[in-house]
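Reader: Hi! Could you walk me through this structure, starting with the aromatic rings?
Author: Happy to, let's have a look together.

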Amino acid sequence: MVRGSLASPSDLAAPTPGLGAGNGRVARLGDRLFKSTAAAAGSTIVIAIGLIAIFLLVRAIPSLRANHANFFTSAAFDTTDSNHLAFGIRDLFMVTVLSSTCALVLAVPVAIGIAVFLTQYAPRRLARPFGAMVDLLAAVPSIIFGLWGIFVLAPQLEPVAEFLNRNLGWLFLFKQGNVSLAGGGTIFTAGIVLSVMILPIVTSVSREVFRQTPNLQIEAALALGATRWEVVRMTVLPFGRSGVIAASMLGLGRALGETVAVLIILRSAARAGNWSLFDGGYTFASKIASAASEFSAPLPTGAYISAGFALFVLTFVVNAAARSIAGGKVNG
């Protein structure tokens, strides 16, 4: 090539001898290492979940074989005699589902409203500190929520519970439960406390999803004369629908597994519940925690592990169903 002349396309395309091959090998090695590392990280979660499930199942099977009651339909949970176990998850399932559903129904609309306000209405100087304040709720320990719920919130909710029971008692959700309304140790109180506990989780994820709404869509809607509410309804909410579902399921998972706060609030019941918000009892997690100091004999311990395995399956099914719904919304 003559000095000062322009380089031809063939000269530009030709690799430097001994350099391109080495770079290619290094790049391929780096890709393989990164792929292996990513696969190992992803497999760790799957393996851990599988090992937990196997452990729970192996420890539960002997107690399930020795059980003298129907595990799914019995409301009794008697493990005092290792030779005559009689335990079931009917009431545990009922209290867990009712309290978690109540929390979700109360928390999700409020969380969506907060997320929309912070991303679409609030000025930036207000949105940041207000959002940080909501996120700080997640840092409050569970025991604080439990003490606040039973000593502060429960007495304030007692008139509300009596009003609902008096006027809507014909509906099974609000009829008189298996504990007294006085004192507030009911699923109703626990559900409201759980809704406060899951509020920062649902709000934080929903806020970040709404913030990712394409500005072009928002500006196009405004250019067509849409009001701010119409922009939210036609662009922001549809765009963040799958994210809100995912956030709700994260909150539901927290509510299903909450232990200390529910254990403090809920009052134990002498008789079985009837799917009323004014029932007492135990959730799966609080029942296991209440007997943690008695885990000495294998068979009684296995009874509580069986309840833990039922909670594990319930959480897995709920999250799988939510993921399927969210995926369907995205594809649709």
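Author: Rings of Phe, Tyr and Trp (its six-membered ring) pair if their centres lie within 6.5 Å; planes under 30 degrees apart count as stacked, over 60 as edge-to-face and the rest as tilted. One note on the source: this is a predicted model, where local features need pLDDT of at least 70, side-chain atom pairs count only at pLDDT 80 or more, and totals for chains, interfaces and linings use all residues. Residues are numbered from 1 along each chain as its sequence is written, and side-chain values use heavy atoms, with hydrogens and water left out.

Reader: Thanks! How many aromatic pairs does a search of the whole structure find?
Author: The search finds ten aromatic pairs. In one of them, Phe 117 and Phe 130 sit edge-to-face, 6.1 Å centre to centre and with 75 degrees between the planes.

Reader: Where do Phe 117 and Phe 130 lie?
Author: Phe 117 is in helix H3 (residues 90-121) and Phe 130 in helix H4 (residues 124-136), so the pair ties together parts 13 residues apart in sequence. Helices here are DSSP runs (H or I, at least four residues), numbered from the N terminus.

Reader: And is Phe 117 buried or exposed?
Author: Phe 117 is partly exposed, with a relative accessible area of 33%. Buried means under 20%, exposed over 50%, and partly exposed in between (1.4 Å probe, protein chains only). Phe 130 is also partly exposed, at 31%.

Reader: Which residues do ring pairs link into a cluster?
Author: Phe 71, Phe 72, Phe 77, Phe 87, Phe 295 and Tyr 304.

Reader: Cool. Switching to helices: how do H6 and H9 cross?
Author: The axes of H6 (residues 187-211) and H9 (residues 241-257) come within 8 Å and cross at roughly 155 degrees. Axes are lines fitted to C-alpha atoms, for helices over the stretch in contact, and angles run from 0 to 180 degrees between N-to-C directions. H6 and H9 are therefore roughly antiparallel. Angles under 35 degrees count as roughly parallel, over 145 as roughly antiparallel, 65 to 115 as roughly perpendicular and the rest as oblique.

Reader: What about H5 and H6?
Author: The axes of H5 (residues 142-168) and H6 also come within 8 Å, crossing at roughly 130 degrees. That makes H5 oblique to H6.

Reader: Which residues meet there?
Author: Among them are Phe 145, Trp 148 and Leu 153 in H5, and Phe 188, Ile 192 and Met 197 in H6. Contact means heavy atoms within 4.5 Å.

Methods
Helices (H or I, at least four residues) and strands (E, at least two) are DSSP runs, numbered from the N terminus.
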